[in-house]
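Reader: Before I accept the labels attached to a structure, I would like to hear the grounds for each of them. Could you take me through them?

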Amino acid sequence: MVMPKKIAVWKFASCDGCQLTLIDCLEELMALGDRIQIAEFREVSRASVEGPFDLSIVEGSVSVPEDVHRIRRVRENSQYLLTIGACATSGGIQALRNIQAADEFVSAVYAHPDYIDTLATSDPIASHVAVDFELRGCPINRSQLLEVINAYLFDRKPQIATYSVCMECKRRGTPCIMVSRQTPCLGPVTQAGCGAICPAYGRGCYGCFGPMETPNMQALTAQLASLGETEEQIRRSLRTFNTNAPPFHEAAEYVDTDD
Amino acid sequence: MSGNRQIGEQYRLMKRSGLDDLIKVLRVLDYRVIGPTESNGVIEFAELGDASELPWGLRDEQKPGSYSVSKGGDRAFEFSNGPTSLKRYFHPTERHLWTVDASGGQLQFEEARVQVPKYAFLGIRPCDLASLDILDQVFLNGVETNRYYESCRQNSLYVAVNCSSAGDLCFCASMETGPTARSGFDISLTELRSSDAYRVLIEIETDRGRSIVNQIDTSEAHENDLSLAREQSDGVARSMGRTLHTWGLRERLQENADDPAWADVAERCLTCGNCTMVCPTCFCTTVEDRASSHDQKYERWNTWDSCFSLDFTFVSGGALRQSSKSRYRQWLTHKLSTWVDQFGVSGCVGCGRCIAWCPVGIDITEEAARIGEPQARA
């Protein structure tokens, strides 16, 4: 008899979309029967089982002072820590405030800024505690999530590709839209995982899965400029869901197209 | 008049309606007809229902990192190769190998049963035909026979089209794979450029090809038709957009692994893998085990991989080819040099796809010319 693995799901600063992907996997997870026990998953149930946990799945970024302490408690109580989604793995779109003064945003957005207690930056979980595996995506891909959970349960290495979106795009049979339509695309510097959805519909890749394993930002931004993108357009395209991922952040800081 | 002499049973002529007949006959024979058609702004291989779906009156313009289709001419095969090669039909992007079922308490292995389609390829260019010869070396004459590939090769029928114009990125003449198909086809077609009405010269290479041609409306071909086709071919060979100097290339690439030109191209290379995906001969794959733990079944799949991915050389301790430089060097050196050591031929057929479909337009002919040639960089 295998002891069930106690799984806990924790939300930090996020839109909850990645947790919805997890909920979408419940049928498969239920089929695992007594191999797993969902100990904590507020989006699904109020029921809660005390730690420690075998596996903690964390969504969201560290954004408010309380998060700093909470994530440490989660880490201390978890044998294996999996972070899911762009917020947890790079800080999310809310990390746009990292490049501006956060209090200016607060006073512009909220009627009573004094109610808001926020950190100056939105951080990936891994910048506060040790993380065992980061699953990218905004939102994450359902099959990839199942793969990572299965790999954990059966003690094997998750098969999550870190190469470019182009590889999925070509397998899918989509002709390169940068080449055939001169459409700016972040695919060559972005990690695969989504199945190359956007280029299949004629849209350039938005970079939802963050930087691929060896992104050549300079070569890509130079090509985007030669397709007619301005510095500002290139900067904005890099400053979305993974704005705080170092290669995207640095390329946006230093983009120089001579325009 | 000698020019009008008949030239035997190997050659026939057909009109435009002959292409309609040809596709009809192939479909009656239960072939899935795969030919070029325009979709999504590119001309690429897809399943055809009839000859009207061919890219009549369309041309393409190809430059490094750029491809576009425009109107021009009145023929069906005025364009160069599109992004898709025949590779994906013979060597699918992913292929189920076997399943293991653990639900009964012990492991039950079952080989995947894959239906191999019966394809008729219409409009294969000589360079793509040559790529199949190269893949034969890899999949049929290597250590293991790839049985899917073998069955697909045997089931398929090959209708080649000889090029009547050369693209800006073409260099089949350098690689001696074109512009005229010499073997490996059942039938070849040459659209004749002449002031007369649309005419196609048919060359019959196999009995299978002959029985198909016998079922369509053709007329006798004459010696002047053949000489026109040869003139066209010579003209195409002379107007290649690119040249790859192959003399001494095998040694030059192997002996200059430290050439600074490798670092130069690595600065431009995205390591995205597009070149390997569009290449008609890049065959590398990885093996994935797909587990669906809840029903205790595990599947082993074979999927396309690329020497540009880090995981490709992952061993205990990490990936061997960490730098972009080492990965680009591996690709180019294998393609043009060590491929010869391994398979007896170059891995490049001169189709130009890797030049057009590189998002930043890296040109294999230029890069190969730089290695070991300091003056080429000046």
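Author: What follows goes through a predicted model, label by label, with the grounds for each.

Reader: What makes chain B as compact as a globular protein of its length?

Author: Chain B holds 13 helices and 16 strands. Its radius of gyration is 23 Å, which is close to the 21 Å that the globule rule gives for 378 residues, and therefore chain B is called as compact as a globular protein of that length. Along the principal axes, the C-alpha trace of chain B spans about 75 × 65 × 35 Å.

Reader: How much of chain B is buried, and what decides the matter?

Author: A residue counts as buried if 20 or more other C-beta atoms lie within 10 Å of its own, and 44% of the 378 residues of chain B count as buried. As for contacts in chain B with a separation of 6 or more, 72% of them are between residues 24 or more positions apart.

Reader: Why is A:Thr183 called partly exposed?

Author: A:Thr183 has 16 C-beta neighbours inside 10 Å; a residue is buried at 20 or more and exposed at 12 or fewer, so the count of 16 falls in between and A:Thr183 is partly exposed. A:Thr183 is found in the loop between helix 8 (177–181) and helix 9 (197–200) of chain A. Leaving aside residues up to four places away in sequence, A:Thr183 touches A:Ile177, A:Met178 and A:Gly204. The C-alpha atoms of A:Thr183 and A:Gly228 are separated by 9.6 Å, although these residues are 45 residues apart along the chain.

Reader: Which strands are the edge strands of the sheet in chain A, and what makes them so?

Author: The sheet in question is open and consists of 5 strands in the order 2-1-3-4-5, with parallel pairing. Strand 2 (36–41) and strand 5 (133–135) of chain A are the edge strands, as each pairs on one side only. Neighbouring strands of this sheet are turned by 25° against each other on average, direction ignored. Helix 6 (residues 142–153) of chain A packs on the sheet and touches strand 1 (5–11), strand 3 (53–59), strand 4 and strand 5 of chain A, its direction making about 160° with that of strand 5.

Reader: How do you know that strand 4 and strand 5 of chain A are paired?

Author: Two strands pair if at least two bridges are found between them; 3 bridges join strand 4 (residues 78–84) of chain A to strand 5 of chain A, so the condition is met. These two strands run parallel, and A:Thr83 stands opposite A:Glu134 in strand 5 of chain A.

Reader: Why is one side of strand 3 and of strand 12 of chain B left without a neighbour in the sheet?

Author: In chain B, 8 strands form an open sheet in the order 3-2-8-9-10-11-1-12, with mixed pairing. Strand 3 and strand 12 (219–220) of chain B stand at the edges with a single partner strand each, which means that one side of each has no neighbour in the sheet. Within chain B, strand 10 (residues 187–191) and strand 11 (residues 200–204) run antiparallel and are joined by 5 bridges, and B:Ser188 stands opposite B:Glu203 in strand 11. Helix 7 (residues 223–238) of chain B lies across strand 1 (11–14), strand 10 and strand 11 of chain B, running at about 95° to strand 11.

Reader: What joins strand 4 of chain B to strand 5 of chain B?

Author: Strand 4 (residues 58–63) and strand 5 of chain B run antiparallel and are joined by 6 bridges, with B:Asp60 opposite B:Val69 in strand 5. Their hairpin has 2 residues between the strands, and B:Gly65 takes a positive phi near 75° there.

Reader: Where are the domains of chain B, and how many residues of each are in contact with the other?

Author: The domain assignment gives domain 1 (2–87 + 114–238) and domain 2 (249–285 + 306–377) of chain B. Residues are in contact if their C-beta atoms lie within 7 Å, and 27 residues of domain 1 of chain B are in contact with 24 residues of domain 2 of chain B. Helix 3 of chain B gives the largest share of the domain 1 side, 8 residues.

Definitions and conventions. Residues numbered from 1 in each chain as written. Chains lettered and ligands numbered in written order. Predicted model: local features only at pLDDT ≥ 70, side-chain atom pairs only at ≥ 80, totals over all residues. Helix = DSSP H or I, 4+ residues; strand = E, 2+ residues; numbered from the N terminus. Rg over C-alpha atoms; globule rule 2.2 N^0.38 Å. Contact = placed C-beta atoms within 7 Å. Domains from an automatic or database assignment. Axes fitted to C-alpha atoms, helices over the stretch in contact; angles between N-to-C directions.
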